[in-house]
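Hi there,

Here is the structure I promised to pass on. Please have a look at it, and then read my notes underneath.

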Amino acid sequence: MGASGAMPSQGLLEEFSQFFRLLSEPARLQLLCHLKLGPTDVASLIEATGFSQSHISRQLGQLQRAGLVRCEREGTRTIWQADGDLVDDLCSLVQNRLRQRLQAQLDQLQSA
């Protein structure tokens, strides 16, 4: 989807759609936000979110397949982390967009 303006292929659209579906689940977003704060293990995520271990493992697996998180073994613990820039970029894009919309609504109310 560069400057050429060509429509993405059907396959690419399907990929985009799956990616956004992945991010539309609040539990997965919550886990991503926790991992953005720094690498952590599942026990800490259970404590932070109140989700069950199986629920967290399932969500992390889906995020990992999408390349949004990765894990490393540290002795007996598995340490999970958000996979860098993409997560930061997505979060700031969405935050900026929401901020702009709210500011526009505020401006409308004040000028009414």
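Below is what turned up, starting with the pocket and ending with one loop residue. Please keep in mind that this is a predicted model.

The pocket

The largest pocket holds about 250 Å³ of space. Three helices each give two or more residues to its lining: α1 (10-23), α2 (26-36) and α5 (85-111). Of these, α5 gives the most, with six residues. By type, the lining divides into 10 nonpolar residues, one polar and one charged. If you want to find the spot on screen, look for Phe20, Leu23, Leu29, Leu32, Cys33, Lys36, Val87, Leu90, Cys91, Leu93, Val94 and Gln95.

The aromatic pair

Phe20 is part of that lining, and it also appears in the one aromatic pair found in a search of the whole structure. Its partner is Phe19; the two rings sit edge-to-face, 5.8 Å from centre to centre, with 75° between their planes. Phe20 counts as exposed because its relative accessible area, 52%, is over the 50% cut-off.

The loop residue

Asp83 lies in the loop between β3 (77-82) and α5. What does Asp83 touch, not counting residues up to four places away in sequence? The answer is Gly67, Leu68, Val69 and Arg70. With Arg70 there is a side-chain to side-chain polar contact of 2.6 Å. Leu68 is 15 residues from Asp83 in sequence, yet their C-alpha atoms are 5.1 Å apart in space. Asp83 itself is partly exposed, since its relative accessible area of 30% falls between the 20% and 50% limits.

Happy browsing, and best wishes!

Technical notes:
Residues numbered from 1 in each chain as written. Predicted model: local features only at pLDDT ≥ 70, side-chain atom pairs only at ≥ 80, totals over all residues. Heavy atoms only, no water. Phe/Tyr/Trp six-rings, centres within 6.5 Å; stacked < 30°, edge-to-face > 60°. Buried < 20%, exposed > 50% of the residue type's maximum accessible area, 1.4 Å probe, protein only. 1 Å grid on protein atoms, 1.4 Å probe; cavity = no way out; pocket = protein on both sides within 12 Å on 5 of 7 lines; lining within 4 Å. Points joined across faces, edges and corners; volume = space filled by probe spheres on them. Helix = DSSP H or I, 4+ residues; strand = E, 2+ residues; numbered from the N terminus. Nonpolar A, V, L, I, M, F, W, Y, C, P; charged D, E, K, R; others polar. Contact = heavy atoms within 4.5 Å. Polar contact = N/O pair within 3.5 Å; in protein donor to acceptor, adjacent residues only side chain to side chain.
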